[in-house]
Structure formats: structure tokens, C-alpha cells
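Visitor: I would like to learn how to read a model like this one, feature by feature. Could you take me through the general idea each time and then turn to the case at hand?

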Amino acid sequence: MNVEFPLRLQVYLAKSGVGSRRFCETLIQSGRVKVNGKRVTELGTKVNEEDIVYVDDVLAEIENKTYYFALNKPRGYVCTNRDPNETAYARDLIDIEDKHLLFNVGRLDKDSQGLILFTNDGDFSNLITHPSSEIEKEYIVKTDLDILKKDMDLMYRGEIKPYRIKAFKLLSKNEASVILTEGKNREIRNMFEELGYRVKRLIRVRIGNIELEDLPSGKYRKLSSSEVRKLKELAGGKR
């Protein structure tokens with residue numbers, strides 16, 4: 001990873017594997033970051049190579065090696081790396097020595113399962129998750145009731161505010177494929193619940209060009225360099 005100092009503090013943190021740039025900004029603003037022993041809350045702060053940076057009293061250092069993983073997250077696991085009320089963390093399923101550097105790219109709620117990406121590359125995460133990138137995310141939704149096409153059309157037309165789906169396909173009486181290009185919290189669940197359905201199962205099967213395929217639940221794999229490059233191209237082409 002090529003790094004030229006000085007760096008803005010949030011960029012330094014992102015390159016250290018703390019999280020996406022936006023997440024690192026929230027850490028700074030909430031007073032959880034120290035530089036050379038002094039708490040810093042200003043986003044414009046710049047750091048040099050010799051500066052010592054801590055987040056929650058944990059040293060943050062730029063890692064020269066970058067990681068890109070696809071994980072099939074089981075239901076019941078959370079994607080956050082810090083929550084005193086949780087014990088099952090998706091990141092812990094990735095069994096590498098440097099897993100403490102990893103963070104999730106985007107979100108997948110506790111009750112959902114399927115494809116989630118992990119990396120220590122903050123720039124990559126910011127590119128993929130930025131709304132303007134419009135990266136497609138595909139889900140398989142199973143509900144308690146038969147799914148009516150007219151209800152799916154409402155979602156497609158954006159009439160369930162503030163949500164909108166890009167495309168859909170009915171797979172069976174109570175199962176549908178849904179494609180989004182944005183990532184509002186619990187977006188699919190909220191749309192279906194608004195129309196009187198209960199979501200029984202929600203599985204993400206694709207992010208851009210990365211597909212879940214036959215990756216077993218709870219298992220992970222490295223993304224190839226060509227997969228990472230293609231995903232960056234998909235995101236960069238829309239910005």
C-alpha cells in the first residue's frame with residue numbers, strides 16, 4: 001500500500017484497517033482517537049509517519065498488506081466489531097492472524113445471512129459503499145405470504161418511501177430475487193413489512209460481480225485480484 005504523508009487522520013485510520021473513512025470520521029468526532037497522547041476531534045487534523053495514533057487505547061498502524069475476503073455470514077452474527085451487547089461477530093469467522101485489522105464493507109443485519117465483504121482497505125470500502133457508486137446487491141427474500149407482483153411493482157416504482165429497488169424476479173409463490181443499489185438500514189425488511197409481509201429468510205447472494213455461489217455458511221474465501229479490480233471498475237465507472 002503506497003502511502004504519502006502527511007495524511008488526514010481519517011484517511012490514516014482507514015488505511016490502518018480501523019474501518020471505512022466515514023466510520024473513522026465518527027470515531028474522531030466522538031473523541032475516541034488520540035494522536036501522540038492527545039485526544040483529537042477535528043476531522044482536518046493531519047498526521048505524519050512518526051506520529052503515534054490510538055483508537056480506544058489500541059494502536060493504529062498502517063498495514064502494508066491488503067486483504068479482501070468474501071464471507072457467507074450465518075444468521076445471528078453481527079458485522080460490527082465492537083458491541084458490548086453482542087458475542088457472535090462475523091469477523092471472527094475469518095481465521096487469519098491479522099483479522100483484527102479487518103472490517104466489513106457495508107452492512108448485513110443480524111437476522112440476515114449471506115455475502116458480506118471484509119477488508120483492511122479503507123479506500124476500497126469507501127469506494128464500494130459510496131451511494132454514487134450504485135453497486136448492485138442481490139438478495140433472495142422468502143416471506144410468510146404469497147408475494148404479489150403488484151406489491152413488487154410498488155417497490156420498483158419507489159412508492160414505499162424512502163426506498164426503491166432496481167429490479168426483481170418472482171422465484172416462487174413466496175420467494176423473490178431483489179436487487180438494490182443503495183444500502184439503507186433494513187431496507188428490504190421495511191418494504192415488505194410495510195406491505196403486510198413477514199420476512200422469514202433474507203440471503204444476500206451477490207455484490208457487484210462477487211457472487212455467493214456455493215460458499216458454505218460460516219466459511220470465507222479470498223477475493224482474486226481480478227475480482228477486486230472488476231469491483232473497483234464497477235464502482236469507479238459510476239462516480
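Visitor: Let us begin with charged pairs: how many salt bridges does the structure hold?

Guide: The model is a predicted one, and it holds 15 salt bridges. To read such a pair, look at the closest N and O atoms, which must lie within 4 Å, and then ask how covered each partner is. In the case of Asp-92 and Lys-99, the closest N and O atoms are 3.9 Å apart; Asp-92 is partly exposed because its relative accessibility is 40%, and Lys-99 is likewise partly exposed, at 26%.

Visitor: Which residue forms a salt bridge with Asp-109, and how far apart are the closest N and O atoms?

Guide: The partner is Arg-189, with the closest N and O atoms 3.3 Å apart. Asp-109 sits in the loop between E8 and E9, whereas Arg-189 belongs to helix H5 (residues 187-194), so the pair ties together parts that are 80 residues apart in sequence. Since buried means under 20% relative accessible area, Asp-109 counts as buried at 19%, and Arg-189 counts as buried at 7%.

Visitor: Where do Glu-138 and Arg-206 lie, and what does their pair tie together?

Guide: Their side chains meet in a salt bridge of 3.0 Å, N to O. Glu-138 is in strand E10 (residues 137-143) and Arg-206 is in strand E13 (residues 199-207), so this pair joins parts that are 68 residues apart in sequence. Glu-138 is buried at 19% relative accessibility, and Arg-206 is buried at 13%. It is also worth looking beyond a single pair, for Glu-136, Glu-138, Lys-166 and Arg-206 are linked in a network of salt bridges.

Visitor: Which side chain of opposite charge is nearest to Lys-73, and how far away is it?

Guide: The nearest is Asp-109, 6.1 Å away, and Lys-73 is buried yet has no salt bridge. With a charged residue of this kind, one can go on to look for polar contacts with the backbone. Lys-73, which lies in strand E7 (residues 68-73), reaches the backbone oxygen of Tyr-77 with its side chain at 2.8 Å, and a polar atom of that side chain lies 3.5 Å from the backbone oxygen of Lys-110. Leaving aside neighbours within four places in sequence, the residues in contact with Lys-73 include Cys-79, Ala-90, Leu-108, Asp-109 and Ile-116.

Visitor: How should I read a helix, and how many of the residues of H3 are buried?

Guide: An α-helix has 3.6 residues a turn, so residues three or four places apart point the same way. Helix H3 (residues 122-129) is mostly covered, with six of its eight residues buried, namely Gly-122, Phe-124, Ser-125, Asn-126, Leu-127 and Ile-128. These buried residues pack against helices H1 (9-15), H2 (21-29) and H6 (225-236), as well as strands E7, E8 (103-105) and E9 (113-119). At the start of H3, a side-chain oxygen of Asp-121 comes to within 3.1 Å of the backbone nitrogen of Asp-123.

Visitor: Finally, which residues form a nonpolar patch on the surface?

Guide: To read a patch, look for nonpolar side chains that share a stretch of surface, and then consider their accessible area together. Here the patch is formed by Ile-52, Tyr-54 and Leu-59, with about 250 Å² of accessible area together. Tyr-54 has its place in strand E5 (residues 53-55), and this residue counts as partly exposed because its relative accessibility is 32%.

Key. Residues numbered from 1 in each chain as written. Predicted model: local features only at pLDDT ≥ 70, side-chain atom pairs only at ≥ 80, totals over all residues. Heavy atoms only, no water. Patch = residues over 30% accessible without salt bridge, like charges linked within 9 Å, V, L, I, M, F, W, Y side chains within 5 Å. Areas by Shrake-Rupley, 256 points an atom, 1.4 Å probe, with all protein chains shown as cover. Helix = DSSP H or I, 4+ residues; strand = E, 2+ residues; numbered from the N terminus. Buried < 20%, exposed > 50% of the residue type's maximum accessible area, 1.4 Å probe, protein only. Lys, Arg positive; Asp, Glu negative; His and termini not counted. Polar contact = N/O pair within 3.5 Å; in protein donor to acceptor, adjacent residues only side chain to side chain. Contact = heavy atoms within 4.5 Å.
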